[in-house]
Each structure stands twice: as structure tokens, then as C-alpha cells.
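Hi everyone, thanks for making time this morning. I'd like to walk you through one structure, so please have a look at it first.

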Amino acid sequence: MVHGVLTRRSAHRDEGAVTLLTVILMSVVLLGITSLVVDLGLARDTRRQAQNAADSAALAAGNSLATGGSVITAVATAKSLAQRNFGTSAADWAACTDAAKLAYVPPAGTPCISFDSGTPTAVRVLVPVRPVLTPFAGIWGNSSVPVQAAAKVGVTSSNTPPCGFCVIGEGTHNLQNGDISVKNTSVDINGTLTTNPGASITVVTGATNLEGAAPSQGTFSPPPTPNQPPIADPLASLVFPDLTGKVLSANQNSCTGGPGVYKTLTLNCPTATPMQPGLYIVTGDTSFSGNDHLDALGVTIYLTCAVANNPNKGNPRVCASTGEDGAGFKTAGNGSLTITAPTTGATKGIAILSDRNNTSTLTYRGNGITANTGTVYAKTGTLDYRGNGAGIYDDSMIVVGDFSFSGTNPLVQVTYTQANNAVLPMTTEMHLAE
């Protein structure tokens, strides 16, 4: 009897020991699983931070390139963003390697910020490895998890502008019986376009995009695309020449006076005395008339407003932000005028430049031919074409606030070449690395 009692008590003790051991083992397993969840969660959170840091650093480097910065500047910009967003140090970059780096690494740079060439169209940023400590999982022998992320940004410069004949003002724009012919780019017209039966718009390798409805009259090839979002000013980032300290030139003869500031700019120069190349700042009007022929080579005509209360009335200033009728541009007669923009310098590729708030008119009359090689920019101005002759032939991007055509089929013909026009801002596109 006593022996049986002792046996049952021993069995209970054995069962209790097994249960306790099971609980301990289960606790260890659960603790391990919990530690892995916590540690891997921390690693995933750090991985997201690393990816955000790589994305922002690559995009910042791309933007630096897009705004004219060098590869050295782009590297410094990427490092600055990575330090700010991820705490990456100079020592981290020095130790960083990238097996997938692009073809070009600047001297004294890091393989983890690489470019496709010395004149890049792409930049890759690999954020240096950061070990994420795993204190809980350390009991399983994993004391840290390496975390790293990469991003690649492609930097491309548009070969064609968003538009070649760009009417960016709202309101009604009257083509009447006019003809617009454009090659290698598009026609974009904000507001409402009205036409007469004789009107036509022909676009080769491009489109006609209208903010308003398509007119019921006229000929369009290809058919226009109506009800589009309004186009923004494609040259909104253009930096204008500084007028600080500019005063009227002593010699007001535009044929012999050379670049400078003029109250009026008369372009009727003898063939033997062409205009000298450079920047001609005009506070009054520019005119060309008669039967003459003039080649203004390497010339930018800049239409500004005048300082009316200055002792030297006619000195230039920027036009009032509310809009102001400043210097204008007028041609008439049967002559031919060719303006070719400079190929270097601050106004490279710009033939006629009007202050952004200058509401004056660019008026073309008569039966002559006017040809521009270079951009014509009059953001709030009006292109007023009343010719009956051969028309305006441009290798240009024409940007105006409004236009008005009249006469017998006045023609504006544009064939756009990027190299001959204003430098367009580069655009950036981000492609996240695998």
C-alpha cells in the first residue's frame, strides 16, 4: 500500500517536470520568434529609410545636373541629402563599393555615386551599407542585418520644346485667313482659337493642341486636339539680361553704334554697313521698312520699358509687373530682314526678347520677308501679322501671349532646330533601382 502511493507521487513529479520543461522550451521558441519579428521589423524600417535617402539623393543630384551643375556639384549634393536623411558620413562613402556602378566615377569621387559619362544623362546613388543591430536575434547568432538601397535618375534634355508656336495667353486668338506651318515641333494655343474659312494650320512631326474647342472653319493637318490643359510658359526659367547700370548709348545710329541701349532701333542699314553682333536693348520701338535687305547676324533685340522720370529719359528698366506697353517691333515695306541669334553668351539662341511684362506688339506688315533664326519670346506681347506677301520664315520657337492675323493668307512658317534656339531647361525622370 505504501509502495503504491509513493509510485503515484513520483509519476506526478515526472509529469510536472515535463510540463515545466515544455513551457520553458515553448517560451524560448516564442521569445526567438518575437525577437526575429522585432529585429526584422527594425531592419525593414531602416531599409525604407535607406531607400528614401537614396531616392532623394539621386533626384537631388539629377536636379543639380539639370540646372547646369557639374558632376562634382552633383556628387556633393547627393552626399548632403544622404547625410541629412540617413546620417551617412564621409567615412561611409569612402568605404562604399558598388558592383553595379555606372561607367563614370568623377576623380576623388566614390563608386557609390556614379554617372553614365562625364557629360551625364544618368546618375546612380547607392547608399552605403548600414548594419542594423539585432539584439534579440543575437541569441541565434545574428547580431546585425546589413541594409543598403540604390536609386537611379535619368537626366534628359528635350530635343524639341513643348511647343514651337506657343500662344500662352488666355482669351480669344484670331487667325482669320492666316496660315501657320510648323515642322519638328507642335502648335499649342491656350484660350480660344477663332478662324475664317481660309485659315490653315499644318504641323509636320507634331500636333496642334488647343485649350478650347476646335474651330468649325479652316483646314488643319493633322486635325487639332481640343480641350487640352493649358500649356505653361516653356521659357519660364529663362534668365533675362541684367539692366542694372545700363544707360542710353551715345551713338544712337543702330547701323554704326553697335550693341547698347537705344531709344529707337532703326534697322534700315546699308548693305555695306550691317549691324554689329551683340545685345541691342530698346526702350522705344524697333522698325524696318522700305525695300532694303538687312542681315543682322549674331544679334539679340531686347524690348524693355523706359525710365520716364530719369534725366536721361530712355534708360532701360524692367516693365511693371501689372503689365506695361514698352518697346515694340514693326516691319513694313517690301524689303527682307534676317535676324540670326547669337550662338554663344547669355542670349544664345534668342533673336527677339521682350520683357515678360511688356504688352507691346510685334507687328509685321507689307509684302517683304522676315526671317529669324533663334527664339522669339514675348510672353505678354502680341504677334500682329498683317502681311500679304511671302511671310515670316523662322527657325524659331515663337512664344507669345496673343496673336492677330489679317490680310490675304498671311503665312508664318516655322522649322524648329534645338541648336539654333534658346537653351531649354533639362527635365529629370527618376527610375528606382532593382
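Before the pocket, a quick word on how residues are sorted: Ala, Val, Leu, Ile, Met, Phe, Trp, Tyr, Cys and Pro count as nonpolar, Asp, Glu, Lys and Arg as charged, and the others, Gly among them, as polar. Please also keep in mind that what you see is a predicted model.

With that sorting in hand, let's go to the largest pocket. How much space lies in it? About 190 Å³. Eleven residues line this pocket, and the closest to its centre are Ser-237, Leu-238, Val-239, Ala-346 and Val-423. By the sorting I just gave, the lining divides into eight nonpolar residues, two polar and one charged.

Leu-238 takes us to our next stop, since Leu-238 is also touched by Ile-350. You'll find Ile-350 in strand β22, which covers residues 350-354. Is Ile-350 buried or exposed? Its relative accessible area is 3%, so Ile-350 is buried; the cut-off for buried is under 20%. Leaving aside residues up to four places away in sequence, Ile-350 touches Val-299, Thr-300, Ala-341, Pro-342, Thr-375 and Ala-422 as well as Leu-238. If you'd like a distance to check on your screen, take the C-alpha atoms of Ile-350 and Met-397: they are separated by 9.2 Å, with the two positions 47 residues apart along the chain.

Now for the nonpolar cores. In soluble globular proteins, nonpolar side chains tend to be buried together. Here the largest nonpolar core has 47 residues. Which residues have the most contacts inside it? They are Phe-165, Ile-201, Leu-267, Met-275, Ile-301, Phe-329 and Phe-403. Apart from that core lies another, of 32 residues, and among them are Ala-54, Leu-65, Val-147 and Ala-149. Back in the largest core, let me zoom in on Ile-201. Again setting aside residues up to four places away in sequence, Ile-201 touches Leu-175, Ile-180, Val-187, Ile-189 and Leu-193, along with Thr-208, Thr-219, Phe-220 and Ser-221.

Last topic, and one for the gel-runners among us: disulfides. How many does a search of the whole structure find? Four. Counting bonded cysteines along the chain, the pattern is 1-2, 3-4, 5-6, 7-8. I'll take you through three pairs.

One joins Cys-96 to Cys-112, with an S to S distance of 1.9 Å. Both cysteines sit in the loop between α3 (90-94) and β1 (113-115), so the pair ties together parts that are 16 residues apart in sequence. The link is left-handed, with -90° about the S-S bond, and both Cys-96 and Cys-112 are buried.

Another joins Cys-255 to Cys-269, at 2.1 Å from S to S. Cys-255 lies in the loop between β11 (219-221) and β12 (260-262), while Cys-269 lies in the loop between β13 (265-266) and β14 (278-282), so this pair ties together parts 14 residues apart in sequence. Why is this disulfide called left-handed? Because the torsion about its S-S bond is about -95°. Cys-255 and Cys-269 are both buried.

Then there is the disulfide from Cys-305 to Cys-319, S to S 2.1 Å. It links Cys-305 in strand β18 (residues 305-306) with Cys-319 in the loop between β19 (316-317) and β20 (328-331), 14 residues apart. The torsion about the S-S bond of Cys-305 and Cys-319 is about 100°, so this disulfide is right-handed. Cys-305 is buried, as is Cys-319.

That's my tour, and I'm happy to take questions.

Terms used
Residues are numbered from 1 along each chain as its sequence is written. This is a predicted model: local features need pLDDT of at least 70, side-chain atom pairs count only at pLDDT 80 or more; totals for chains, interfaces and linings use all residues. Side-chain values use heavy atoms; hydrogens and water are left out. A nonpolar core is a set of buried Ala, Val, Leu, Ile, Met, Phe, Trp, Tyr and Cys residues joined through side-chain atoms within 4.5 Å. Buried means under 20% relative accessible area, exposed over 50%, partly exposed in between (1.4 Å probe, protein chains only). Contact means heavy atoms within 4.5 Å. On a 1 Å grid over the protein atoms alone, a cavity is a set of points where a 1.4 Å probe fits but cannot get out, and a pocket is an open set with protein on both sides within 12 Å along at least five of seven lines; lining residues have an atom within 4 Å of a point. Grid points are joined across faces, edges and corners, and a volume is the space filled by probe spheres set on the points. Helices (H or I, at least four residues) and strands (E, at least two) are DSSP runs, numbered from the N terminus. A disulfide is a pair of cysteine sulfur atoms within 2.5 Å.
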